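Colleague: Please take a close look at one buried spot in this model and walk me outward from there. I work at the bench, so plain cut-offs beside the terms would help me.

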Amino acid sequence: MTRPAEVKSPWLSTAERAAERETKREAVLRTAVHFFNTRGFHSTSLNDVAAALEVTKPTIYHYFSSKDEILFECVRLGLEAIRDAGDQARERGGSGRDQLEALMLEYALVMTRDFGICVSRTSDDQLAPASRDRFRALKREINDSLQATIQAGMDDASLRPGDARIAAFTVAGALNWIARWYRPDGGMSAEEVTRGVVHTLLSGLTP
């Protein structure tokens, strides 16, 4: 049975409801990560997040079960952005150096943004036990990808020979630290900082 042509249903379709829910979840995450980064996780309450969004605390619980879940989702988004950068670099091809440069540029850029900053400031013990294994697994994926890319560059001689594992830890440490010192009002754009850091790191790895 169909409704009269002149009557438009006031209810959202299934797809529209799903999109609306995702938009609201993202708003919660972006608001929460801002507070986590500026105030600290323990000093941020869900009441703070709800007030900033002009909703009630129970509304937040409609989308997330706890503040711990919100924190994990924030770091997951940051880590997955870095992991995906490695996948995209390999898909583009080129020498090991070319792939490493592409990976590092995106990695560094992520670390100037809220979810990347949250990754840098979150330690294992801040996460709920159920989330720690997933957090560590994502970090291992990133390190393995970075190490494999560096090893590929050493193998094709586009990077100087050495210990790829040590190089990967060194690069990751330098890129992660961007989140600690970068300031949007510091006189350099995120892109300028990214290019400068990556150029400095590559100069130590390139023959």
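Modeller: Happy to. Let's begin with R25, which sits in helix 1; helices here are DSSP runs of H or I with at least four residues, strands are E runs of at least two, and both are numbered from the N terminus. Some ground rules first: this is a predicted model, in which local features need pLDDT of at least 70 and side-chain atom pairs count only at pLDDT 80 or more, while totals for chains, interfaces and linings use all residues. Residues are numbered from 1 along each chain as its sequence is written, and side-chain values use heavy atoms, with hydrogens and water left out.

R25 counts as buried because its relative accessibility is 17% (buried means under 20% relative accessible area, exposed over 50% and partly exposed in between, with a 1.4 Å probe and protein chains only). Beyond its neighbours within four places in sequence, R25 is in contact with Y63, F64 and E73, where contact means heavy atoms within 4.5 Å.

Now for the helix that carries R25. Helix 1 has 26 residues, which at 1.5 Å a residue should span 38 Å, and its end C-alpha atoms are 37 Å apart, so the two agree. (The expected span is 1.5 Å times one less than the number of residues.) R25 has company among the buried residues of helix 1: V28, L29, T31, A32, V33, F35, F36 and N37 are also buried. The cover over them includes helix 2 (46-53), helix 3 (57-61), helix 4 and helix 6. Just after helix 1 comes G40, with a positive phi of about 100°.

R25 also helps to line an open space. Together with E22, E26, L29, R30, E73, R76, L77 and F115, R25 lines the second largest pocket. Helix 1 (14-39) and helix 4 are the elements that give two or more residues to that lining, and helix 1 has the largest share, with five. Charge is well represented here: six lining residues are charged, three are nonpolar and none is polar. (Ala, Val, Leu, Ile, Met, Phe, Trp, Tyr, Cys and Pro count as nonpolar, Asp, Glu, Lys and Arg as charged, and the others, Gly among them, as polar.) The volume of this pocket is about 150 Å³. As for the terms, the search runs on a 1 Å grid over the protein atoms alone: a pocket is an open set of points with protein on both sides within 12 Å along at least five of seven lines, a cavity is a set where a 1.4 Å probe fits but cannot get out, and lining residues have an atom within 4 Å of a point. Points are joined across faces, edges and corners, and a volume is the space filled by probe spheres set on them.

The same pocket brings in the domains. The chain is divided into domain 1 (15-64) and domain 2 (66-204), with bounds from an automatic or database domain assignment. Each domain gives at least three residues to the lining of the second largest pocket. The C-alpha centres of the two domains lie 26 Å apart, and the contact takes 15 residues from domain 1 and 15 from domain 2.

F115, one of the residues lining that pocket, is also a buried residue of helix 6, as are G116, I117, C118, V119 and S120. Six of the eight residues of helix 6 are buried, so helix 6 is largely enclosed by the rest of the structure. Its cover includes helix 1, helix 4, helix 5 and helix 8.

Helix 6 takes us on to the largest pocket, which holds about 270 Å³ of space. Of its 14 lining residues, Y107, V119, K139, A172 and N176 are closest to the centre. Helix 4 (67-92), helix 6 (114-121), helix 7 (129-155) and helix 8 (164-181) each give two or more residues to the lining, and helix 8 has the largest share, with five. Eight residues of this lining are nonpolar, four polar and two charged.

Y107 appears again in the lining of the largest cavity, alongside I82, R83, G86, L103, I142, S145 and L146. That cavity holds about 40 Å³.
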